[in-house]
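Trainee: Hey, got a minute? I'd like to go through a structure with you.
Mentor: Sure, put it up and ask away.

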Amino acid sequence: MPRPVHFEIPSDNPERAIAFYSEIFGWTFQKWEGPMQYWLINTGPTAEPGINGGLLLRQHPEQPCVNTITVANLDETQAAIEKHGGSCVVLKMPVPTVGWLAYFKDLDGHIFGCMQPDPSVSM
């Protein structure tokens, strides 16, 4: 069953956001070595319930926080979402060394991501 596995927080000032979440919750941040400004967020030990996330530079003023769900096949998931009234808001794109990602809108207008992991990369 697909489950949320990642969240993203957009920020106008990533350094300020990192300081805020580090001080309040003790989260740790690591700069991702990919093609965009992105920090991986570790929210706690993997043996405890919860998910980790990412922090990115805000791309547009109304960019929301987003939960991402792992799926086995992104194309099939997109077809199912659209069949049931949802829509694609950001087309499928590669995420180097991770997999393929697209963003969708549900029937209430909430944005969520779906990630198809690259089977050649161990997570």
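Trainee: Let's start with Arg58: which residue does it form a salt bridge with?
Mentor: Arg58 pairs with Asp12, and the closest N and O atoms are 3.0 Å apart. Keep in mind that this is a predicted model.

Trainee: OK. Where do Arg58 and Asp12 lie?
Mentor: Arg58 is in the loop between β4 and β5, while Asp12 is in the loop between β1 and α1. They are 46 residues apart in sequence, so the pair ties together parts that are distant along the chain by that count.

Trainee: Is Asp12 buried or exposed?
Mentor: Asp12 is exposed, at a relative accessible area of 55%. Arg58 counts as partly exposed, with 26% relative accessibility.

Trainee: How many salt bridges does the structure hold?
Mentor: Two. The other pair to look at is Asp75 and Lys92, whose side chains meet at 3.3 Å, N to O. Asp75 lies in helix α2 (residues 74–83) and Lys92 in strand β6, so this bridge ties together parts 17 residues apart in sequence. Asp75 is partly exposed at 46% relative accessibility, and Lys92 is partly exposed too, at 37%.

Trainee: Why would those side chains pair up in general?
Mentor: Because side chains of opposite charge can pair when their charged atoms come close.

Trainee: Switching topic: in what order do the strands of the sheet go?
Mentor: There are eight of them in an open sheet, in the order β2-β3-β4-β1-β5-β8-β7-β6, with mixed pairing. β2 (28–31) and β6 (87–95) are at the edges with a single partner strand each, so one side of each has no neighbour in the sheet. On average, neighbouring strands are turned by 25° against each other, ignoring direction.

Trainee: Which way do β1 and its partners run?
Mentor: β1 and β5 run antiparallel, joined by four bridges. β1 and β4 run parallel, with six bridges. If you want spots to click on, His6 has Thr68 in β5 as its bridge partner, and Pro10 stands opposite Leu56 in β4.

Trainee: And how many residues of β1 are buried?
Mentor: Six of its eight, so β1 is largely enclosed by the rest of the structure. In β8 (residues 111–117), five of the seven residues are buried.

Trainee: What does β8 pair with?
Mentor: β5 and β8 pair in the parallel sense over four bridges, and Thr70 stands opposite Met115 in β8. β7 (residues 99–105) and β8 pair in the antiparallel sense over seven bridges. One of the matched positions there is Ala102 with Cys114.

Trainee: What's going on with Gly109 in the hairpin of β7 and β8?
Mentor: That hairpin has five residues between the strands, and Gly109 takes a positive phi near 90°.

Trainee: What about the other end, how do β2 and β3 pair?
Mentor: Antiparallel, over four bridges, with β3 covering residues 38–42. Phe29 has Ile41 in β3 as its bridge partner.

Trainee: Where does helix α1 lie?
Mentor: α1 (residues 14–25) lies across β1, β2, β3 and β4, running at about 150° to β4.

Trainee: Which residues are in the largest nonpolar core?
Mentor: It has 10 residues: Phe7, Ile9, Ala17, Ile18, Tyr21, Trp27, Phe29, Trp39, Ile41 and Leu55. β1, α1 and β3 each supply at least two of them, and α1 gives the largest share, three residues. There is also a second, separate core of eight residues, including Trp32, Val95, Tyr103 and Met115.

Trainee: What does Leu55 touch?
Mentor: Leaving out residues up to four places away in sequence, its contacts include Ile9, Ala17, Ile18, Phe29, Trp39 and Ile41. Ser11, Pro14, Gln37 and Tyr38 are also among them.

Trainee: Last topic: how many disulfides does a search of the whole structure find?
Mentor: Zero. The sulfur of Cys65 is 17 Å from the closest cysteine sulfur, in Cys114, which is too far for a bond. Cys65 is exposed, with a relative accessible area of 55%.

Trainee: And how far is Cys88 from the nearest cysteine sulfur?
Mentor: The nearest cysteine sulfur, that of Cys114, is 9.4 Å away, and Cys88 is in no disulfide.

Conventions
Residues numbered from 1 in each chain as written. Predicted model: local features only at pLDDT ≥ 70, side-chain atom pairs only at ≥ 80, totals over all residues. Heavy atoms only, no water. Pairing = 2+ DSSP bridges. Helix = DSSP H or I, 4+ residues; strand = E, 2+ residues; numbered from the N terminus. Axes fitted to C-alpha atoms, helices over the stretch in contact; angles between N-to-C directions. Contact = heavy atoms within 4.5 Å. Core = buried A, V, L, I, M, F, W, Y, C linked by side-chain atoms within 4.5 Å. Buried < 20%, exposed > 50% of the residue type's maximum accessible area, 1.4 Å probe, protein only. Salt bridge = Lys/Arg side-chain N within 4 Å of Asp/Glu carboxyl O. Disulfide = S-S within 2.5 Å.
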